[in-house]
Amino acid sequence: VIEKETLGFQAEVKQLLHLMIHSLYSNKEIFLRELISNASDAADKLRFEAINNGALFENDPDLKITVTFDKDARTITISDNGIGMSRDEAIAHLGTIAKSGTKEFFSRLSGDQQKDAALIGQFGVGFYSGFIVADEITVETRRAGLPADQGVRWESGGQGDFTVENIDKPARGTDITLHLREGEEDFLSSWRLKSIIRKYSDHISLPILMQKEEWDAEKKENVIQDELETVNQASALWTRSKSDITPEQYVEFYKHVSHDFEAPLAYTHNRVEGRSEYTQLLYVPARAPFDLWDRNKRGGIRLYVKRVFIMDDAEQLMPVYLRFVKGVIDSADLPLNVSREILQESRDVRVIREGSTKRVLGLLEELANGDEQEQKDKYATFWKEFGQVLKEGIGEDQGNKERIAKLLRFASTHNDSDAQTVSFTDYIGRMKEGQDKIYYVAADNTTAARNSPHLEIFRKKGVEVLLMTDRVDEWMLSFLHDVDGKELVSVAKGDLDLGKMEDETEKKKHEETETQYKDLVEKMKTALSDKAKDVRITFRLTESPACLVADEHELSSNLLRMLKAAGQ
Ligand code: ADP
Ligand code: MG
């Protein structure tokens with residue numbers, strides 16, 4: 001028998017606890033949402049493991065969550081009969097933060113409470129949010145399948161450490177008891193707890209039970225009964241029909257699946273029937289997660305098969321460039337014992353991924369092309385947060401390239417702003433008489449782009465040029481050669497043919513000049529033979545005497561620099 005031991009929290013947990021207690025006081029009630037969300041996840045995990053091992057149900061198959069409180073002891077207890085935790089799991093899950101990118105996240109905190117409070121919401125506070133209202137938390141848990149004497153009691157005051165000891169726990173699952181801080185007595189009320197549950201956790205598919213309260217004529221007050229009643233609707237949100245779901249319920253469900261505090265930008269909910277049968281409820285977040293660029297980051301889609309939870313990071317269900325999408329996909333076709341390997345090969349999964357991709361692109365198009373200011377603002381937000389990732393789709397998703405291209409936004413010489421607001425459609429609508437190409441300039445930043453000598457002739461002719469200043473732009477452009485039949489051309493590449501925009505007399509003059517300076521050009525070519533491939537007379541420049549250009553078929557200097565920086 002292992003004795004009771006005292007262990008220290010991981011440094012990041014201490015930081016999180018400190019920050020949370022001091023920054024989330026105006027939003028205290030979310031602790032209940034977080035703990036119920038964990039109880040629901042624990043039930044999902046049990047159901048999943050029980051697919052291959054029915055004995056885990058231990059003759060207690062009706063999964064549920066119970067919330068009780070004790071006015072005298074000043075405690076609230078959230079109980080579930082889900083998967084539970086072993087001693088090692090309790091130590092690992094309730095003493096550290098397992099999320100990828102945690103260290104990096106904490107190193108970015110500024111110390112400014114308001115700014116950090118917004119960040120922390122994005123990070124997700126989870127179990128530790130109990131300490132917003134409690135100065136002591138007791139967790140009693142036993143993992144499904146382990147004997148009754150392998151129960152565990154975990155206890156902490158939320159300072160620097162916690163204790164764990166073995167206990168007898170006949171009932172499988174987890175009881176979390178919060179010992180409320182001074183001043184938090186408000187929560188010791190059926191009415192208050194029920195209204196919080198209805199507000200935040202109505203979409204949870206398990207019943208959430210509380211004790212009934214009935215009027216006692218003698219005592220002339222409400223008296224708590226032994227009998228339990230279900231407080232929520234207890235049906236999985238995505239299975240309900242759209243007309244039965246309020247916008248608030250959609251938002252709360254999003255917070256549950258995404259661990260995000262903010263409302264999403266947009267969502268799409270559909271039941272697909274036919275060749276493949278599935279339900280999708282997909283959300284676009286309002287803000288990029290702190291680990292958007294983390295290569296080990298898990299996907300945001302929870303996979304269910306006929307309402308049974310299968311996995312919460314099913315990356316095969318979304319292409320990589322839509323990795324920011326969160327939500328649920330519930331398939332009627334996949335087998336319950338589907339594994340990651342099967343997912344990779346499955347035709348059904350491919351159909352779902354293609355269908356879901358089209359839905360998300362459609363959702364983005366609705367925002368991008370919407371007439372209402374609200375939609376425009378939302379798309380601007382989306383572009384600022386996720387535009388860089390969407391650009392990856394140009395290379396990754398050949399089939400939807402045209403649609404994705406229409407969603408792209410750029411800075412441009414059309415205005416003086418550095419904001420990326422100009423679409424290819426805008427650009428094409430403003431093309432000059434006789435112009436048949438889309439011109440762009442690639443540079444490290446917009447100042448460099450605007451000062452490029454290559455732009456001189458375009459400015460003179462009043463031709464708009466798109467400014468490509470993001471790291472992924474040139475990589476992206478290597479996959480995107482035209483939009484709506486208009487070729488994309490770098491102003492810095494090769495022999496610039498302004499086509500019909502040049503008039504005849506101008507062309508004649510150019511030819512004359514070329515003959516006139518032929519000898520000089522030849523001399524310069526010889527002199528620079530080891531430095532330049534070619535020397536040409538140019539009519540592009542109106543102020544600068546000379547400039548370097550890349551060969552038509554060569555990598556541009558900017559892309560070369562980028563590849564070098566990436567170590568290639
Ligand atoms: P998250 O839910 O995002 O993983 P939390 O801080 O909410 O983060 O919970 C941390 C971990 O603790 C969970 O992932 C889970 O492994 C474990 N856990 C928390 N509550 C329960 C519970 N009621 N039953 C079983 N495991 C739990
Ligand atoms: Mg959680």
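Two residues are in contact here if their C-beta atoms, placed from the backbone, lie within 7 Å. By that yardstick, among contacts in the protein between residues at least 6 apart in sequence, 70% join residues at least 24 apart. Please keep in mind that this is a predicted model. Below is a friendly tour, from the whole chain to a ligand shell, a pair of helices and a handful of single residues.

**The whole protein**

- The protein has 568 residues, and 34% of them count as buried.
- Its secondary structure amounts to 18 helices and 19 strands.
- The C-alpha trace spans about 110 × 50 × 45 Å along its principal axes.

**Around ligand 1**

- Ligand 1 is surrounded by 17 residues, and the closest of these are Asn38, Ala42, His93, Gly126 and Phe127.
- Helix 2 (residues 30–50) supplies the largest share of this shell, with five residues.
- By class, the shell around ligand 1 holds six nonpolar, eight polar and three charged residues.

**Helix 9 on its own**

- Helix 9 (residues 347–369) is built from 23 residues and reaches 33 Å from its first C-alpha to its last, close to the 33 Å expected at 1.5 Å a residue.
- Its buried residues are Val349, Ile352, Arg353, Ser356, Thr357, Val360, Leu361, Leu364, Leu367 and Ala368.
- An α-helix has 3.6 residues a turn, so residues three or four places apart point the same way. This is handy to remember when you look at the numbering of the buried residues in helix 9.
- The buried residues of helix 9 pack against three strands and three helices: strand 10 (266–272), strand 11 (278–284), strand 14 (326–331), helix 8 (340–345), helix 10 and helix 11 (401–407).

**Helix 9 against helix 10**

- Two packed helices are described by the angle between their axes and the distance between the axes.
- For helix 9 and helix 10 (residues 373–396), the axes come within 7 Å and cross at roughly 120 degrees. Helix 9 is therefore oblique to helix 10.
- On the helix 9 side the contact is made by Leu364, Leu367 and Ala368, and on the helix 10 side by Gln375, Lys378, Tyr379 and Phe382.
- Sorted by class, this contact has five nonpolar, one polar and one charged residues.
- Leu364, Leu367 and Ala368 are also among the buried residues of helix 9.

**Leu361, a buried residue in helix 9**

- Leu361 lies in helix 9, and this residue counts as buried because 20 C-beta neighbours sit inside 10 Å.
- Leaving aside residues up to four places away in sequence, Leu361 touches Asn400 and Arg403.
- Leu361 and Thr381 are 20 residues apart along the chain, and their C-alpha atoms are separated by 16 Å.

**Leu480, in a loop**

- Leu480 belongs to the loop between helix 15 (473–477) and strand 18 (482–483).
- With 19 other C-beta atoms within 10 Å, Leu480 is partly exposed; the cut-off for a buried residue is 20 or more.
- Leu480 touches Ile394, Lys401, Ala405 and Leu488, again not counting residues up to four places away in sequence.
- The C-alpha atoms of Leu480 and Ala380 are separated by 23 Å, with their positions 100 residues apart along the chain counted as the distance apart.

**Two strand residues**

- Thr66 is found in strand 2 (residues 65–70) and is partly exposed, having 18 other C-beta atoms within 10 Å.
- Not counting residues up to four places away in sequence, Thr66 touches Ser79, Leu209 and Leu228.
- Thr66 and Ile36 are 30 residues apart along the chain, and 9.2 Å separates their C-alpha atoms.
- Asn166 sits in strand 6 (residues 161–167) and is partly exposed, with 16 other C-beta atoms within 10 Å.
- Asn166 and Glu3 are 163 residues apart along the chain, yet their C-alpha atoms are separated by 7.6 Å.

**Two loop residues with positive phi**

- Arg74, in the loop between strand 2 and strand 3 (75–80), has phi near 60 degrees, a positive value in a residue other than glycine.
- Arg74 is partly exposed, with 17 other C-beta atoms within 10 Å.
- His259, in the loop between helix 7 (247–258) and strand 10, likewise has phi near 60 degrees, a positive value in a residue other than glycine.
- His259 is partly exposed, with 19 other C-beta atoms within 10 Å.

Technical notes:
Residues are numbered from 1 along each chain as its sequence is written. Chains are lettered from A and ligands numbered from 1 in the order in which they are written. This is a predicted model: local features need pLDDT of at least 70, side-chain atom pairs count only at pLDDT 80 or more; totals for chains, interfaces and linings use all residues. Axes are lines fitted to C-alpha atoms, for helices over the stretch in contact, and angles run from 0 to 180 degrees between N-to-C directions. Helices (H or I, at least four residues) and strands (E, at least two) are DSSP runs, numbered from the N terminus. Angles under 35 degrees count as roughly parallel, over 145 as roughly antiparallel, 65 to 115 as roughly perpendicular and the rest as oblique. Ala, Val, Leu, Ile, Met, Phe, Trp, Tyr, Cys and Pro count as nonpolar, Asp, Glu, Lys and Arg as charged, and the others, Gly among them, as polar. A residue is near a molecule or strand if its C-beta atom, placed from the backbone, lies within 6 Å of it. A residue is buried if 20 or more other C-beta atoms lie within 10 Å of its own, exposed if 12 or fewer, and partly exposed in between; C-beta atoms are placed from the backbone. The expected span of a helix is 1.5 Å times one less than its number of residues.
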